[in-house]
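Me: I've got a protein model open and I'd like to get to know its pockets and a few of its strands. Can we go through it bit by bit?

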Amino acid sequence: MTETVNAPQAHQFGIHALVWTGEWTPKAADEAIRRTAEAGYDLIEVALLDPYAIDVDATRASLARHGIGMTASLGLAPGTDISSEDEDVRKRGDALLGRAVEVVRDLGGDYLCGVIYGSMSKHAAPASSRSYGNSIESIQRLADQAANAGIKLGLEVVNRYESNLLNTAGQAMGYLHEVGRDNVFVHLDTYHMNIEEPNMSHAIEVCGDRLGYVHIGESHRGYLGSGTIDFQSFFGALSRSGYSGPITFESFSSVVVDPVLSNTLAIWRNLWQDSDDLAAHALAFMQAQLHGADAVRFQ
Ligand code: MN
């Protein structure tokens, strides 16, 4: 059981880049970062599925110009799956993740998260013990490289259709125990928790101080508050846990398309049209939920 802390925590609020754009040219990146700032967020989560493609200097300049911080996330593809039993595939995954850590470092960030422990895809069978061991071994090496760059890793727990390794907070804590590195944390996402966890507060309590990153997403990945996620329970438990890490809004609509990520996540319909309205609404929603949860505890 997590100890109750005695004061509300300050938080950085972030927004996933796919709210703004599905490409990351210098021009698209600058516009996304500018709109992130205008909507009142502290940081943007860059979709780093191809860390070799990013113009690091241009993105760093845009972040500085608009006064916005960054984190990065990615989901490995089947061809870069570090849990693969094919050593060539694993090597490509190790290299890609190593490059991602360098990009985060060079952009001034301190967090790399997402499905970085295996491929983000629907698997046809349970993970073998060899796959599980391969994943852990690669994450240990990546964690050591990341630690040298002052970077933390967040392992995103996702639903059964997107990973056969980590579907619950409990599984992630078991995996973390095997990894045994201080800079590796659990990354929870309300959209996935809603599918796999017994309830919102249970998952947060299971993680305790090993919860390092959260994604806030609705049950249909659209406007917060318009679906079935129990945000009151989630933010109540988050407040009680003393969590002080980033709180990042994640939402997808077929209005904004990344040719790889949108298909992987099965984004087949429009949940919204207006990114600016969605972003402003989400920030107000998250702040109000957290404010209410803190007020209950500290009135
Ligand atoms: Mn997520």
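Me: What volume does the largest pocket have?
Reply: Keep in mind that this is a predicted model, so the number is computed from predicted atoms. For the largest pocket, the volume comes out at about 450 Å³.

Me: Which residues that line the largest pocket are the closest to its centre?
Reply: There are 24 residues in the lining, so we want the ones closest to the middle. Four of those sit in a row in the numbering, and D258 joins them from further along the chain. The names to look for are A47, L48, L49, D50 and D258.

Me: Which strand gives the largest share of the lining of the largest pocket?
Reply: By class, that lining has 15 nonpolar, six polar and three charged residues. Sorted by element instead, the largest share is three residues, and they come from residues 69–76, which is strand β3.

Me: How many polar residues are in the lining of the second largest pocket?
Reply: This pocket holds about 340 Å³ of space. Its lining is made up of 22 residues, with G212, Y243, S244, G245 and P246 nearest the centre. Glycine counts as polar here, so G212 and G245 go in that class. Next to seven nonpolar and three charged residues, the polar count is 12.

Me: Which elements give two or more residues to the lining of the second largest pocket?
Reply: One is β3, which gives the largest share here with three residues. The other covers 211–216, so the full answer is β3 and β7.

Me: On to strand β5: how many of its residues are buried?
Reply: Buried means under 20% relative accessible area, so that's the cut-off to apply. Strand β5 spans residues 152–156 and is mostly covered. Out of its five residues, the buried ones number four.

Me: Which residue in β5 stands opposite Y111?
Reply: Strand β4 covers residues 111–119, and it pairs with β5 in the parallel sense over four bridges. Across from Y111, the residue in β5 is K152.

Me: Which helix does the chain go through from β4 to β5?
Reply: The path makes a right-handed β-α-β crossover. The helix on the way takes up residues 129–148, and that's α4.

Me: And in β6, what is the bridge partner of L155?
Reply: β5 and β6 (residues 184–189) run parallel, joined by four bridges. Together with helix α5 (residues 169–179), they make a right-handed β-α-β unit. For L155, the bridge partner in β6 is V186.

How values were computed. Residues are numbered from 1 along each chain as its sequence is written. This is a predicted model: local features need pLDDT of at least 70, side-chain atom pairs count only at pLDDT 80 or more; totals for chains, interfaces and linings use all residues. Side-chain values use heavy atoms; hydrogens and water are left out. On a 1 Å grid over the protein atoms alone, a cavity is a set of points where a 1.4 Å probe fits but cannot get out, and a pocket is an open set with protein on both sides within 12 Å along at least five of seven lines; lining residues have an atom within 4 Å of a point. Grid points are joined across faces, edges and corners, and a volume is the space filled by probe spheres set on the points. Buried means under 20% relative accessible area, exposed over 50%, partly exposed in between (1.4 Å probe, protein chains only). Two strands pair if DSSP finds at least two bridges between them. A crossover is right-handed if, with the strands pointing away from the viewer, the path from the first strand over the helix to the second runs clockwise.
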